[in-house]
There are 2 protein chains.
Amino acid sequence: MSEFKPLDPLLHSQLRLAVMSLLLSVEEAEFTFLKEKTESTAGNLSVQLDKLEKSGYIQIEKSFKGKRPLTTCKILPAGVKAFEEYVENLKNYIN
Amino acid sequence: MSEFKPLDPLLHSQLRLAVMSLLLSVEEAEFTFLKEKTESTAGNLSVQLDKLEKSGYIQIEKSFKGKRPLTTCKILPAGVKAFEEYVENLKNYIN
DNA sequence: TAAATAGGTTTATAATGTAAACCTATTTAT
DNA sequence: ATAAATAGGTTTACATTATAAACCTATTTA
């Protein structure tokens, strides 16, 4: 795909892309916030966040908000870079 | 996904998107041309073209070039529309 | 104290993408 | 004349992925 550079499969996914997009704008977000904004199921979101974390694109922190568990996500530099590259590559497909 | 409109799964695929992108610019293309441009395997391309045809996004014509089989593809109005919508929706994810 | 709610994770299933294997016919080499 | 390579694909098998259903633990409300 000379003019069609490969699209990072980790980002070429509707839900993961939406999550990354959100994380880019807010820089830190709770699980429930992401769930509402993306209108995804918790299970699906949980799985996709795991993948993004394992790839080093985001950081996940677990703590408590009062007595309730709280999962907070933050985009990492590698994630920002990957996202930017993805968008650059994508442009060759859609313009 | 209020602000994240669903991305047409038929277009949210690296190879199919590349094919549609090519067909938009040339308006008619041979199988081998698409194969070279996308650097895909024939098998993969064949399958993806089938899906695009069944969805009504492209038209596939089979004929002969000399004595050899020739498969020619052309984008259809529904394909153009779907592509444009896809790009519009995608923008909310990547800007 | 039973039932609902919050905040998730795990697991099972369905859908998808991909390449390998295959097929038919044609051309080239021996 | 026959074998091997090439052209132009299709079919099939497999691996990966996406997704929701089921589940879990704890908390709050009826």
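In these legends, Ala, Val, Leu, Ile, Met, Phe, Trp, Tyr, Cys and Pro count as nonpolar, Asp, Glu, Lys and Arg as charged, and the others, Gly among them, as polar. Every view is taken from a predicted model.

**View 1. Where chain A meets chain B.** Each partner brings its share to this contact: 25 residues come from chain A and 25 residues from chain B. About 2,200 Å² is buried between the two chains, and carbon and sulfur atoms give 59% of that area.

**View 2. Polar links between the chains, and the chain A side.** Two salt bridges are counted between chain A and chain B. In one of them, A:Glu3 pairs with B:Lys37 through their side chains, at 3.5 Å from N to O. Eight residue pairs are in polar contact across the two chains, both residues being at pLDDT 80 or more. On the side of chain A that touches chain B, helices H1 (14–26), H2 (31–38) and H4 (77–94) each give two or more residues. H4(A) makes the largest share, with seven residues. By type, this side of chain A has 14 nonpolar, seven polar and four charged residues.

**View 3. The protein around DNA strand C.** Here 21 residues surround the strand, and A:Ser46, A:Lys62, A:Thr71, B:Arg16 and B:Gln48 come nearest. Of the strand's atoms within 4 Å of the protein, 70% belong to sugar and phosphate. The residues of this surface divide into six nonpolar, nine polar and six charged, and H3(B) supplies the largest share, five residues.

**View 4. Individual contacts to DNA strand C.** Look for B:Lys51, with a polar side-chain atom 3.1 Å from a phosphate oxygen. B:Thr41 likewise places a polar side-chain atom 3.5 Å from a phosphate oxygen. At A:Pro69, a polar backbone atom is 3.3 Å from a sugar or linking oxygen of the strand.

Terms used. Residues numbered from 1 in each chain as written. Chains lettered and ligands numbered in written order. Heavy atoms only, no water. Contact = heavy atoms within 4.5 Å. Buried area = accessible area lost by both parts, 1.4 Å probe. Salt bridge = Lys/Arg side-chain N within 4 Å of Asp/Glu carboxyl O. Polar contact = N/O pair within 3.5 Å; in protein donor to acceptor, adjacent residues only side chain to side chain. Helix = DSSP H or I, 4+ residues; strand = E, 2+ residues; numbered from the N terminus. Near = heavy atom within 4 Å.
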